[in-house]
Amino acid sequence: MSSAVVPPGTSRPGSRPAKLPSLTGLRFFAALLVFFFHSSLSNSPVPPNGPVNPFADHTLARVYAKTFVSTGYMGVSFFFVLSGFVLAWSARPGERVTAFWRRRMTKIFPNHLVVAAAVTVLFAGAAVTGVSEWLPNLLLVHTFFPQASINLSLNPPSWSLGSELLFYLLFPLLIVPIRRLRGGALWAWSAVMVAGTVAVQLVSTYLVPDTPKSAITPVSDAQFWFGYLFPPGRLFEFVLGALLARIVLTGRWPRRIGVRLSLVLVAAGYGATYFVPFPYTFVTATVVPIGLLIAAVADGDARSRGGWLSSRPMVWLGEVSFGFYLVQGVTIFYLRSLLGSEPFGTPVAVAVVVLFFAASLLAGWLLYRFVEMPAMRRFARARRPAPTAATPATAAPAAVPARRTVSAAAPDAERELT
């Protein structure tokens, strides 16, 4: 392939991929979509299951809930596509699988365990029942179980980490054939991934039992589990992200699909969620525009066209967004329980939403600053032995295999919201 069609800083042999600061900033808005979804819920999924939506005015309460009725689904789908995109973007041939797995496990488990402990303490153990329900959650295999008492146990937002864990385990196998795809095959397989999201909902609708009905959705608990929570069904989004990363890396992203057009399509996709059958609001209605937006923003970064999304404040917000997302089950639902079950007048209700946001952002930063980053520094990479007289420090770089030198940069390149 001629260098003319390769975006600067992407797929030149031996070079590191361009950094994607705008994507880091963008992921905060995905976490913000989830925040508005959680704060608009009629009832908390954590015992004692009290109301969350703070508006006493019935019209405003309905508008608030209706406006953000599907933003949580959209935000999580963004995370899954982004995860595949960033991992494929930063993947380097020859990297050790164990090194990759070590980094990814360190990324998610410390935060997850700390928040699970906080839920247990703050809710006085109300979210914890038998070992068969909380242990799968701690191991992040809880979304393989169809029972709602298991797949949404402890900290409800942690359900998405079960899918991320599967993605990480499979990625070293998936990236090998993805790297071999060229040209139109990348686009064709991207279309297959989108079709896969439709197939999941067809199976859920016609083959999964539609009773008993869920208390919080128009479908049954089994259909909600299979169509939304079950990790294998979410692989299509992850692989789509990886394919789109390869399209951008190989210089085949059409420049006419820019950020502005992608944002218009994202809005149109979200608008479609009000008209399509409920199961298709999970992923199918919005996954294409989400993928286009991620690829367009990354292409702009690769061409050194980063805008305000790559500014220092936005990058900071993006870096804390994993914690911001993960703590929402604690901050929003716990604070709401402290405020009582009664709704509030409009000015107070707005202040309550602001309180939810401030508390979630602060807790997310604390998680990032005092749990995530120390864990990554301490455990993400194996410690190298101290240099000895036989191997002086000045000679150490020459003794390190090339594949380790390349992979050492990967943690910075993989800073995406899990």
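How do the residues of the lining of the largest cavity divide into nonpolar, polar and charged? In this predicted model, they divide into two nonpolar, four polar and two charged. The residues concerned are Thr197, Val200, Gln201, Gly227, Gly233, Arg234, Glu237 and Val283, and the elements that contribute two or more of them are α8 and α10. The volume of this cavity is about 40 Å³, and a search of the whole structure finds one cavity of 30 Å³ or more.

**Overall architecture**

The secondary structure of the protein consists of 18 helices and zero strands. Of the 418 residues in the protein, 52% are buried. When contacts between residues at least 6 apart in sequence are considered, 81% of them join residues at least 24 apart.

**The largest pocket**

The largest pocket has a volume of about 880 Å³. It is lined by 38 residues, of which Phe37, Leu41, Val69, Tyr73 and Ile216 are the closest to its centre. Two or more lining residues are given by each of the elements α1 (21–39), α2 (58–67), α3 (71–90) and α9 (221–229), and the largest share, five residues, comes from α2. By class, the lining of the largest pocket comprises 25 nonpolar, eleven polar and two charged residues.

**Nonpolar core and aromatic pairs**

In soluble globular proteins, nonpolar side chains tend to be buried together. The largest nonpolar core here has 109 residues, and those with the most contacts inside it are Leu23, Phe85, Trp89 and Trp253; helix α3 gives the most to this core, with 13 residues. Once its neighbours within four places in sequence are left aside, Leu23 is in contact with Leu82, Phe85, Ile294, Val297, Ala298 and Asp301, and Phe85 is thus both one of these partners and one of the residues with the most contacts inside the core.

Across the whole structure, a search finds 35 aromatic pairs. One of them joins Trp187 and Trp253, whose ring centres are 5.8 Å apart and whose planes lie at 20°, so the pair is stacked. The two residues are 66 residues apart in the chain, with Trp187 in helix α8 (residues 184–206) and Trp253 in the loop between α10 (231–249) and α11 (259–272). Their surroundings are not alike in exposure: Trp187 is partly exposed, with a relative accessible area of 33%, whereas Trp253 is buried, with a relative accessible area of 4%. Ring pairs also link a cluster that includes Phe37, Tyr73, Phe80, Phe100, Trp159 and Phe167, together with Phe171, Phe224, Tyr228, Phe238, Phe278 and Phe282. Among the members of this cluster are Phe37 and Tyr73, which are also listed with the residues closest to the centre of the largest pocket.

**Contacts between distant parts of the chain**

Phe35, in helix α1, is buried, with a relative accessible area of 1%. Its C-alpha atom is separated by 9.7 Å from that of Val353, although the two residues are 318 residues apart along the chain. Neighbours within four places in sequence aside, Phe35 is in contact with Phe324, Gln328, Ile332, Val353, Phe356, Phe357 and Ser360.

Ala380 is placed in the loop between α15 (346–379) and α16 (396–399) and is buried, with a relative accessible area of 5%. Ala380 and Arg102 lie 278 residues apart in sequence but 5.9 Å apart in space, C-alpha to C-alpha. With neighbours within four places in sequence left out, the contacts of Ala380 are Arg102, Arg103, Thr106 and Ala375.

**Backbone geometry**

Most residues other than glycine have a negative phi, and most peptide bonds are trans. Against this background, the peptide bond from Thr211 to Pro212 is cis, with omega near -5°, and Pro212 is found in the loop between α8 and α9. Two leucines have a positive phi, as set out below.

| Residue | Phi | Location | Relative accessible area |
|---|---|---|---|
| Leu140 | near 60° | loop between α5 (131–138) and α6 (148–151) | 0% |
| Leu154 | near 50° | loop between α6 and α7 (159–180) | 4% |

Leu140 is buried, and Leu154 is buried as well.

Terms used
Residues are numbered from 1 along each chain as its sequence is written. This is a predicted model: local features need pLDDT of at least 70, side-chain atom pairs count only at pLDDT 80 or more; totals for chains, interfaces and linings use all residues. Side-chain values use heavy atoms; hydrogens and water are left out. On a 1 Å grid over the protein atoms alone, a cavity is a set of points where a 1.4 Å probe fits but cannot get out, and a pocket is an open set with protein on both sides within 12 Å along at least five of seven lines; lining residues have an atom within 4 Å of a point. Grid points are joined across faces, edges and corners, and a volume is the space filled by probe spheres set on the points. Ala, Val, Leu, Ile, Met, Phe, Trp, Tyr, Cys and Pro count as nonpolar, Asp, Glu, Lys and Arg as charged, and the others, Gly among them, as polar. A nonpolar core is a set of buried Ala, Val, Leu, Ile, Met, Phe, Trp, Tyr and Cys residues joined through side-chain atoms within 4.5 Å. Buried means under 20% relative accessible area, exposed over 50%, partly exposed in between (1.4 Å probe, protein chains only). Contact means heavy atoms within 4.5 Å. Rings of Phe, Tyr and Trp (its six-membered ring) pair if their centres lie within 6.5 Å; planes under 30 degrees apart count as stacked, over 60 as edge-to-face and the rest as tilted.
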